[in-house]
Every structure is written in C-alpha cells, then in structure tokens.
Amino acid sequence: MNDDKILALYLERSEQAIAETEKVYGRYCHYIAYTILRCDEDAEEIVNDTWLKAWQVIPPQKPNPLKGFLGQITRRLSINRLELLTAQKRGGGQYALTLEELAECIPSNHNGEEIPHMAALTDTLNRFLRGLSADARRVFIRRYWYASSVSEISKDFSMSESKVKSLLLRTRKKLRNTLEKEGYDL
C-alpha cells in the first residue's frame with residue numbers, strides 16, 4: 001500500500017491505517033529504535049508508541065514523505081527513552097558516542113529562544129549532505145542519524161573499520177568548516 005492510501009486511512013480515522021503502517025514501515029522503524037536502544041523489547045515498545053503518535057497527529061498533519069515522518073518520530077522517542085535509561089544507569093552507548101563525535105561540529109549556542117535559526121541550520125546541513133559523495137553521505141547518515149556502530153557500517157558497506165573512521169573524521173571536518181563559513185559559533 002502506498003503512502004497516499006495509508007494517509008487516507010488515517011484521515012478517515014480507520015484503525016486499518018495502523019496495520020498498514022506496520023506492514024510497510026514496521027521493520028524500518030524497528031531498525032531505527034533498535035540501533036539507538038540495542039534492545040528488541042524497548043524497540044518494539046517504541047515502534048508501538050510511534051504508531052500511537054502518528055495516530056494522534058494525523059490529522060491535522062499530512063506528512064510527506066510518510067517514511068521520514070515516522071522515522072523522525074521513532075528516532076525522537078528512542079532518544080528520549082535512551083536518555084531516561086542512561087539517566088538511571090549512566091551507561092555508554094552508540095548514541096552517546098555519536099553525540100561526542102559531533103560535539104566539535106555542532107553549534108553549541110542554540111537554545112529554545114533561537115528556534116528560527118534552527119531552520120537555517122537544517123538548510124545548511126541538508127546542503128552539506130547533498131554536496132557529499134554518495135559513500136560519505138550514506139556512512140555519515142548511518143552513523144549520526146541511525147547511530148550505527150563503526151563495525152556495523154564497515155560490514156554493511158564492505159569497508160574496513162579504519163576507512164569508515166577516516167571517512168567520518170574527514171566528513172566531520174568538512175561539516176565544521178561549512179558551519180564556520182556559514183557563521184555558526186562552534
């Protein structure tokens with residue numbers, strides 16, 4: 001079933017919308033949640049919470065593309081769960097590690113009062129990603145959006161771990177330079 005038909009089911013308030021969303025995007029959302037949380041049970045809960053959140057916001061929202069919308073909800077819910085879990089037991093994980101790696105590249109002066117500037121930052125990041133080679137973009141997104149480990153990326157893209165690490169380091173340096181040129185304080 002395509003996104004338009006699934007959205008139509010949501011707009012009709014048909015419970016079939018959730019079943020169809022699960023069929024089409026269940027594995028995708030589970031992958032996102034699992035790579036952040038590293039626990040199947042927590043990932044399953046997050047995916048169910050994603051369907052609930054989608055049900056609550058569609059309508060009035062009509063997301064396009066639906067996949068990105070659901071992925072963003074899943075990621076946000078997973079990160080919130082991870083923060084709750086790590087607050088309770090200060091363990092490390094891939095997500096915390098990715099944040100440490102990006103700390104030198106991400107503008108640190110953003111707070112709730114600067115939300116309008118976040119749109120400009122998003123635009124800058126999107127342009128930056130479009131300017132990368134396909135390999136660099138895929139590796140960067142897998143590491144910093146999906147929080148995949150270097151070894152997973154290495155295996156999935158048939159690269160050595162040192163090549164992945166080197167590619168990520170060079171890409172972070174390019175990102176830092178791009179953001180500095182755009183006037184962001186790092």
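User: I would like to learn how to read this model, starting with one residue: where does proline 59 lie?

Analyst: Proline 59 sits in the loop between helix 3 and helix 4, and please keep in mind throughout that this is a predicted model. The loop between helix 3 and helix 4 is also the place of proline 60.

User: What kind of peptide bond joins isoleucine 58 and proline 59, and what is its omega?

Analyst: The value to read is omega, and for the bond joining isoleucine 58 to proline 59 it is about -20°, the bond being cis. The next bond, from proline 59 to proline 60, is also cis, and there omega is near 15°.

User: Which residues does isoleucine 58 touch, if those up to four places away in sequence are not counted?

Analyst: A contact is read from heavy atoms within 4.5 Å. With that cut-off, and with residues up to four places away left out, isoleucine 58 touches Leu7, Tyr10, Leu11, Arg13, Pro63, Leu66 and Phe69.

User: Which residues of the largest nonpolar core touch the most other members?

Analyst: They are Ile58, Leu66 and Leu70, in a core of 28 residues. At least two residues of this core come from each of helix 1, helix 2, helix 3 and helix 4, the last of these covering 66-89, and helix 2 gives the most, with eight residues. Apart from this core lies another one of 20 residues, which includes Leu121, Tyr144, Leu168 and Leu179.

User: How should I read burial for a single residue: is alanine 54 buried or exposed?

Analyst: The cut-off to carry in mind is that buried means under 20% relative accessible area. Alanine 54 has a relative accessible area of 0%, and therefore it is buried. Alanine 54 belongs to helix 3, and, once its neighbours within four places in sequence are set aside, alanine 54 is in contact with Tyr10, Leu70 and Ile73. For a distance along the same stretch of chain, the C-alpha atoms of alanine 54 and leucine 66 are separated by 9.7 Å, with the two residues 12 apart in the sequence.

User: What does the angle between two helices tell me, for instance where helix 1 and helix 2 pack?

Analyst: An angle over 145 degrees counts as roughly antiparallel. Helix 1, residues 3-11, and helix 2, residues 16-37, pack at an angle of about 150°, with their axes 8 Å apart, and helix 1 and helix 2 are therefore roughly antiparallel to each other. The crossing in which helix 1 passes helix 2 is left-handed.

User: Which residues meet in the contact of helix 1 with helix 2?

Analyst: From helix 1 there are Asp3, Ile6, Leu9 and Tyr10, and these meet Gln16, Ala17, Ile18, Glu20, Thr21, Val24 and Tyr25 from helix 2. Divided by class, the residues of this contact are seven nonpolar, two polar and two charged.

User: At what angle do the axes of helix 2 and helix 3 cross?

Analyst: The axes of helix 2 and helix 3, the latter spanning residues 40-57, cross at roughly 135° and come within 8 Å. That angle makes helix 2 oblique to helix 3, and the crossing of helix 2 and helix 3 is right-handed. The helix 2 side of the contact includes Ile18, Tyr25, Cys29 and Leu37, and among the helix 3 residues met there are Ile46, Val47, Trp51 and Trp55. By class, the contact of helix 2 with helix 3 has 12 nonpolar, three polar and four charged residues.

User: Backbone angles are harder for me; what is the sign of phi at arginine 38?

Analyst: Phi at arginine 38 is positive, about 60°, although arginine 38 is not a glycine. Arginine 38 is in the loop between helix 2 and helix 3 and, at 32% relative accessibility, counts as partly exposed. Alanine 147, likewise a residue other than glycine, has a positive phi near 60°. Alanine 147 lies in the loop between helix 7 (134-144) and helix 8 (150-156), and its relative accessibility of 2% is why alanine 147 counts as buried.

User: To step back to the whole chain, how many helices and strands are there?

Analyst: The chain has nine helices and zero strands. Of its 186 residues, 39% count as buried. Among the contacts with a separation of 6 or more, 66% are accounted for by residues 24 or more positions apart.

Key: Residues numbered from 1 in each chain as written. Predicted model: local features only at pLDDT ≥ 70, side-chain atom pairs only at ≥ 80, totals over all residues. Heavy atoms only, no water. Axes fitted to C-alpha atoms, helices over the stretch in contact; angles between N-to-C directions. Helix = DSSP H or I, 4+ residues; strand = E, 2+ residues; numbered from the N terminus. Parallel < 35°, antiparallel > 145°, perpendicular 65-115°, else oblique. Left-handed = near helix turned anticlockwise from the far one by under 90°. Nonpolar A, V, L, I, M, F, W, Y, C, P; charged D, E, K, R; others polar. Core = buried A, V, L, I, M, F, W, Y, C linked by side-chain atoms within 4.5 Å. Buried < 20%, exposed > 50% of the residue type's maximum accessible area, 1.4 Å probe, protein only.
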